[in-house]
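Reader: I am new to this structure and would like a close look at a single pocket. Please start with a few individual residues, so that the terms are clear, and then move on to the pocket and what lies around it.

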Amino acid sequence: MRTLGRGHHRINLSTDYVDAGGEQLWVDILRATLKHGLAPRAWTDYLQLTVGGTLSNAGIGGQAFRHGPQIANVHELDVVTGTGEMVTCSRHKRKDLFFAALGGLGQFGIITRARIALESAPKQVRWVRLAYSDVVAFTRDQELLISKHASEAGFDYVEGQVQLNRTLTEGPKSTPFFSEADINRLAGLASETGSGAIYFIEAAMYYDETTAPSVNQKLEMVLAQLSFVPGFVFTKDVTYFQFLDRVRVEEVVLRSADVWDVPHPWLNLFVPRSRILDFDAGVLKGILGGDNPVGLILMYPMNMAKWTSQMTAVTPPTGEDVFYTVGLLRSALSPDELERLQRENQSALAFCDKEGIECKQYLPHYTSQDGWRRHFGAKWSNIAQLKNKYDPHAIMSRGQRIFPLPSVPAAGTATT
Ligand SMILES: Cc1cc2nc3c(=O)[nH]c(=O)nc-3n(C[C@H](O)[C@H](O)[C@H](O)COP(=O)(O)OP(=O)(O)OC[C@H]3O[C@@H](n4cnc5c(N)ncnc54)[C@H](O)[C@@H]3O)c2cc1C
């Protein structure tokens, strides 16, 4: 969709929102808004993604616990539907199309403009990693952190990572976060745990000139409530831009090692909070336990209340207040490894099925309509109706294979 703007910088600011073309990259929106001391509130981990692309999924990251996914931070959309109609829609105007398009996998039309909420941009970030050897303490602390309101002492960004059976030299070394001595200490910690798994809370506290003097004290107050392994706190101060654009640094490192443009058999799942420990035991420590591929595993909770059920995006159907996103973001460096990682993904899904873990795929991929029906669950009939209304010829985003093409009469067949 990058050609949609014909090379124009379609990013226009107002005091509390930015109007951005669907083809614009989030990193360009960040640059443009920061010039005015403003920024969107919700981000993905990687910013070289288009507005239309992430809004067609959800757009999740460490700010989602507080602000919801990116789709919950949009005031208005322009959409060109499958019937060729150009519609401006919002929560108040043509709301069926607005909610359908958000998380809508491009099924109802092309998002040509999004009006995205802005806030005053922080200047600096205290970036923190806390190591855990126990998944129970890790998840309990994550859930405590995401329960905090902006007015309380807490973090502004909360994510988490799982390191399985790693020597801890290759992963963290590619980021400048850990020193050589830190890596040795972490390797020691990993070898002490029976499973070899260690967990990191990755968190961030925003500040600027006025709040800088109190950031140490605020951090101490938060850390005092947590149960990470004593002494395993790692911090770093960076600008807000550096923090948000951090995966770009990884990208450069991986590209130079020729391991960026390789197959990524990623599997992202939303797992109900009540089953996250079963998932950890069965999938992370079980099915993937012996693994050591390039890549990472993300695991962090989000608050259901920040998601809008009318949107097409799907969350676990269990009705719990909190669910986890688990991203198996692994790379395959050979055809054999690709096959193995794909097999493991299938085993992880089969495990959830067998154990009755009602998870949902994020960034889903199904090859049959039956799979999609199950994915959308109770939303399916509404989605099918909206598809019929806004894209009856099924010409939009056909690559998702959600709706088959309506049968076309054979050449020469008379039609009425
Ligand atoms: C390195 C990397 C890191 C990522 N990290 C995150 C993350 O932290 N959080 C997260 O939520 N996601 C993340 N993603 C996934 C990302 O949100 C999706 O892959 C998204 O689709 C990417 O947008 P894109 O601009 O590359 O989309 P494209 O690949 O261009 O499009 C993907 C699909 O989105 C739809 N689409 C795209 N543009 C439009 C439009 N204008 N109107 C209607 N439909 C449209 C179409 O169905 C299209 O097939 C990551 C992806 C990568 C590659």
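**From single residues to a pocket**

Author: Ala197 counts as buried because its relative accessible area is 1%; buried means under 20%, exposed means over 50%, and partly exposed is in between, with a 1.4 Å probe and protein chains only. The model is a predicted one, in which local features need pLDDT of at least 70 and side-chain atom pairs count only at pLDDT 80 or more, while totals for chains, interfaces and linings use all residues. Residues are numbered from 1 along each chain as its sequence is written, and side-chain values use heavy atoms, with hydrogens and water left out.

Ala197 sits in the loop between α7 (180–192) and β9 (198–207). Helices (H or I, at least four residues) and strands (E, at least two) are DSSP runs, numbered from the N terminus. Ala197 and Gly82 are 115 residues apart along the chain, and 48 Å separates their C-alpha atoms. Gly82 falls within residues 1–121, which UniProt, in an unreviewed entry, lists as "domain: FAD-binding PCMH-type". UniProt positions follow the numbering used here, feature names are shortened, and annotations may be inferred rather than shown by experiment. That span is 21% helix and 30% strand, and its end C-alpha atoms lie 28 Å apart.

Phe243 belongs to helix α9 (residues 240–244) and is buried, at 0% relative accessibility. Its C-alpha atom is 7.7 Å from that of Trp127, although the two positions lie 116 residues apart in sequence. Arg246 lies over the face of Phe243, at 4.5 Å from the ring centre; a charge sits over a ring if NZ of Lys or CZ of Arg is within 6 Å of the ring centre and within 35 degrees of the ring normal. Arg185 is placed over the face of Phe232 in this way, at 4.3 Å from the ring centre.

Now to the pocket. The one to look at is the second largest, with a volume of about 800 Å³. On a 1 Å grid over the protein atoms alone, a cavity is a set of points where a 1.4 Å probe fits but cannot get out, whereas a pocket is an open set with protein on both sides within 12 Å along at least five of seven lines; lining residues have an atom within 4 Å of a point. Grid points are joined across faces, edges and corners, and the volume is the space filled by probe spheres set on the points.

The second largest pocket is lined by 28 residues, and those closest to its centre are Leu267, Leu349, Gln361, His365 and Tyr366. At least two lining residues come from each of β11 (267–272), α12 (335–355), β14 (360–362) and α13 (369–376). The most come from α12, which gives seven. By class, the lining has 13 nonpolar, 11 polar and four charged residues, where Ala, Val, Leu, Ile, Met, Phe, Trp, Tyr, Cys and Pro count as nonpolar, Asp, Glu, Lys and Arg as charged, and the others, Gly among them, as polar.

Strand β11 also holds Asn268, which is buried at 10% relative accessibility. The C-alpha atoms of Asn268 and Trp127 are 24 Å apart.

Between β14 and α13 runs a loop that contains Leu363. Leu363 is not a glycine, yet it has a positive phi of about 55 degrees. Most residues other than glycine have a negative phi. Leu363 counts as partly exposed because its relative accessibility is 39%.

Tyr366, already named at the pocket, is part of one aromatic cluster with Trp372, Phe376, Trp380 and Phe403. Rings of Phe, Tyr and Trp (its six-membered ring) pair if their centres lie within 6.5 Å; planes under 30 degrees apart count as stacked, over 60 as edge-to-face and the rest as tilted. The structure holds 19 aromatic pairs. One of them is edge-to-face, formed by Tyr132 and Phe138 at 5.8 Å centre to centre, with 65 degrees between the planes.
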